[in-house]
Structure formats: C-alpha cells, structure tokens
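Reader: I would like a close look at one part of this protein, with the rest brought in where it helps. Please keep the wording plain.

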Amino acid sequence: MGAPGALLVMGVSGSGKSTVGALLASKLGWKFYDADDYHPEENRIKMGKGIPLNDQDRIPWLCNLHDILLRDVSSGQHVVLACSALKKMYRDILRQGKDGAPQKYDESRKEEKLPEVKLFVIHLSGSSEVISGRLLGRKGHFMPPELLQSQFDTLEPPSVPENFIQISVEKDLSEIIATITETLNRK
C-alpha cells in the first residue's frame, strides 16, 4: 500500500480516540482532526438526548470528513483523524467519499471514479466494562455513557482487506503510541 496519507484512530466512545489521535499527530508532526468537532448540531442534540445516531445521521457527516481528508492529503498534508467509524461502510466513506456510501445505481456515474484517501486504521479496542468506567469519569461530553452499548452493537471491527492494526485500550498511552509508530515505520 505504501505510506498512508491519513491515519484513522477509531473505536467506541471512551476508547481514547481523541487523546491517542492528538498525541500521535503531535509526535508525527501531522495535522489532527477530531470528528466530534464536525457533528452537525442536530446530531449533538440527538445524542445528548440519549438517542443513538443512525446511518442517515452519520453519512453526511462522514462525507464532510472525507472531503476534509482528501483536501489535506491532496495538498501533501498528512492527517490523523479521531473518529468512531464503527462500521466498515463508514470507513469506506472516509476513504472514498460518497462512492463508499450505499446509493441507487446511477448509469451516468459508472465511469466516474473519485480520488481515494490512503487510510490506515488504528482500532482502539477494549471491553465494555473498561470503556464504561472511562466514560463515567468523563465530564462535559455530548455523548452520554448510556449510548455505549449501542456503539458496541454497531461496531464492525476492521478486517482484511482493510489496512489496520488493533490495539488494546488497556495498554498505557506511551505503549499505544509506540506500537503505532513502530507499525508505521514498517509501512
């Protein structure tokens, strides 16, 4: 695959995506984005009321994130994105934009191939007990701990042919960062 243009730090809420992503971006000298900062207000309100987001809520948000990644990567900027990206389809959208989203077949578009973001996925995984404990200690976030089970229910962990590594959230932060950077150095 060659060196990725973008790293996706993914996992359920409370897995440490933002912390790991920001630290990793700082260490690599790459630009950092937290996908939560790009949720439309309707999504924040819905989650704040304890209502899980559905695909219709997420797809426009993911397409916007793809556009940001593509813009930066196309200009030579390497990017780290912290985003739940729980389903393979969501990761496909981050990589391919609207082409990764399910849609009705459109004859006029069959020849059109949009540019793809070279994405390396870092899946922060852990048990619901460990992550639930973290969420209970978190203050001021719009994602309530009650929605954690809906995230585990939605989660489709990365698998081949996706380009990814899986790291336990039970490792300490320096060990997580070291594992990621060692893996990137081998790419």
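Which residue forms a salt bridge with Asp92, and how far apart are the closest N and O atoms?

Author: The model is a predicted one. In it, the partner of Asp92 is Lys88, and the closest N and O atoms of the salt bridge are 3.0 Å apart. Helix 4, residues 88-96, holds both Asp92 and Lys88. The two are 4 residues apart, about one turn of the helix.

The two partners differ in how they are covered. Asp92 has a relative accessible area of 15%, so Asp92 counts as buried, the cut-off being under 20%. Lys88, at 31%, counts as partly exposed, because its value lies between 20% and 50%.

This pair belongs to a wider set, for the structure holds 7 salt bridges. One of them joins the side chains of Lys46 and Asp57, at 2.6 Å from N to O. Here the pair links distant parts of the chain: Lys46 sits in helix 2 (residues 41-48) and Asp57 in helix 3 (residues 55-74), 11 residues apart. Lys46 is partly exposed, at 21% relative accessible area, while Asp57 is buried, at 17%. These two values fall on either side of the 20% cut-off, which means that the labels are not the same.

Another salt bridge is formed by Asp72 and Arg71, with 3.0 Å between the closest N and O atoms. Asp72 is buried, with a relative accessibility of 5%, and Arg71 is partly exposed, at 48%. Both also take part in a network of salt bridges that links them with Lys31.

Helix 4 also has a part in the nonpolar interior. The largest nonpolar core has 24 residues, and those touching the most other members are Leu8, Leu62, Leu65, Leu69, Leu81, Cys83 and Leu94. Two or more residues of this core come from each of strand 1 (6-10), helix 3, strand 3 (79-82), helix 4 and strand 4 (119-125). Helix 3 gives the largest share, 8 residues.

Leu69 shows how such a residue is surrounded. Apart from neighbours within four places in sequence, Leu69 is in contact with Ala6, Val79, Leu81, Leu94, Val117 and Leu119. A separate core of 22 residues lies apart from the largest one, and its members include Ile131, Ile165, Ile180 and Leu184.

Cysteines call for a short remark. Cys83, one of the core residues named above, is buried, with a relative accessible area of 2%. Cys63 is buried as well, at 10%. The structure nevertheless holds 0 disulfides.

Now for the protein as a whole. It has 7 helices and 5 strands, which follow one another along the sequence as β-α-β-α-α-β-α-β-α-α-β-α. Of its 187 residues, 45% count as buried. Among contacts with a separation of 6 or more, 75% are between residues 24 or more positions apart. The protein exposes about 9,400 Å², of which carbon and sulfur atoms supply 51%.

To return to the part asked about: helix 4 contains the salt bridge of Asp92 and Lys88, and helix 4 also gives two or more residues to the largest nonpolar core.

How values were computed
Residues are numbered from 1 along each chain as its sequence is written. This is a predicted model: local features need pLDDT of at least 70, side-chain atom pairs count only at pLDDT 80 or more; totals for chains, interfaces and linings use all residues. Side-chain values use heavy atoms; hydrogens and water are left out. A salt bridge is a side-chain nitrogen of Lys or Arg within 4 Å of a carboxyl oxygen of Asp or Glu. Buried means under 20% relative accessible area, exposed over 50%, partly exposed in between (1.4 Å probe, protein chains only). Contact means heavy atoms within 4.5 Å. Accessible areas come from the Shrake-Rupley method with a 1.4 Å probe; for residues, only the protein chains shown count as cover. A nonpolar core is a set of buried Ala, Val, Leu, Ile, Met, Phe, Trp, Tyr and Cys residues joined through side-chain atoms within 4.5 Å. A disulfide is a pair of cysteine sulfur atoms within 2.5 Å.
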